[in-house]
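Good morning, colleagues. I would like to take you through a few local environments in the structure now coming up on the screen.

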Amino acid sequence: MALGLVLPAAERHRAASVEEFAPEPVRFGDHEVAIFVGELGWEDSPVEVFCPAAGAEVRFASHDPLQLAIPDGWEFGILALDEPLTVEGVAVPPGHLAVVAGQDSLSVSVGADAGHVVRALVLGGEVPEPFVPWWNFVAGDHDEVVAWRAAYEEARAGGSTSFAPPPGVDPGSLVAAPPLPSVRLLPKHRSPA
């Protein structure tokens, strides 16, 4: 599963960067929450983000639900990691993602207790404009996907710096991008909440 962040057009073409951060868990009721990017509740991460976003690992330690407020214009994805979750009354099996949008809060519960911790990822943010998701790219339009795919393939051949691999990684070992579909990719639109 690939997870992407939709950056606003003004931030989409910035230079690539990598930050390393190991969050210390904080208590949200009975649960531990390690916020690795953005802000969740009253806690935040020092990792620089370029649009409103939040990402955290939740370690559920009881049956009590985790209740989170949803800022206006945001949506959240809740990924069940090892065991099933219940999000807003809907069962979510391991490896599946529940999406909550158009509400002012969300509730997540699990079959956990002090001796049996259940983990999940909570990812959220504002979707500022229509976007085109394709493979490992989240772009503003079809043409941007085409350009990014070409730059990525050039990087695999050792020629582009747009998608420079991490230090010590051979560019030729990067996974090849799949061929583009024979139709024009259309943007996804999110209805206002």
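Let me begin with a question: is F137 buried or exposed? Please bear in mind that we are looking at a predicted model. F137 has a relative accessible area of 4%; the limit for burial is under 20%, so F137 counts as buried.

That residue leads us to the aromatic rings. By the pairing rule applied here, there are 7 aromatic pairs. One of them joins W134 and W135: the ring centres are 6.4 Å apart and the planes meet at 55°, so this pair is classed as tilted. A second arrangement involves W134 and F137, where the centres lie 6.2 Å apart and the planes are at 20°, so here the pair is stacked. In general terms, two numbers describe such a pair, namely the distance of the centres and the angle of the planes.

The two tryptophans can also be described by their accessibility. W134 is buried, at 11% relative accessible area, whereas W135 is partly exposed, at 31%. Taken as a group, W134, W135, F137, W148 and Y152 form one aromatic cluster.

Another aromatic ring has a charged neighbour. R14 is positioned over the face of F50, at 3.6 Å from the ring centre.

I turn next to helix α1, which spans residues 142-156. E144 belongs to this helix, and its relative accessible area of 11% makes it a buried residue. Which residues does E144 touch, once those up to four places away in sequence are set aside? They are R12, H13 and A139.

Now to the loops. S45 sits in the loop between β3 (43-44) and β4 (53-60). With a relative accessibility of 10%, S45 is counted as buried. Its side chain reaches the backbone nitrogen of V47 at 3.1 Å. Leaving out residues up to four places away in sequence, S45 touches F21, I35, F36, V37 and G38.

A114 also occupies a loop, in this case the one between β10 (105-109) and β11 (118-126). What is the exposure of A114? Its relative accessible area is 74%; exposed means over 50%, so A114 is exposed. Along the chain, A114 and S62 are 52 residues apart, and their C-alpha atoms are separated by 6.2 Å.

To close, I return to the starting point: F137 is buried, and it is part of the aromatic cluster with W134, W135, W148 and Y152. Thank you for your attention.

Technical notes
Residues are numbered from 1 along each chain as its sequence is written. This is a predicted model: local features need pLDDT of at least 70, side-chain atom pairs count only at pLDDT 80 or more; totals for chains, interfaces and linings use all residues. Side-chain values use heavy atoms; hydrogens and water are left out. Helices (H or I, at least four residues) and strands (E, at least two) are DSSP runs, numbered from the N terminus. Buried means under 20% relative accessible area, exposed over 50%, partly exposed in between (1.4 Å probe, protein chains only). Contact means heavy atoms within 4.5 Å. A polar contact is a pair of N or O atoms within 3.5 Å; within protein, one must be able to donate a hydrogen and the other to accept it, and residues adjacent in sequence count only if both atoms are side-chain atoms. Rings of Phe, Tyr and Trp (its six-membered ring) pair if their centres lie within 6.5 Å; planes under 30 degrees apart count as stacked, over 60 as edge-to-face and the rest as tilted. A charge sits over a ring if NZ of Lys or CZ of Arg is within 6 Å of the ring centre and within 35 degrees of the ring normal.
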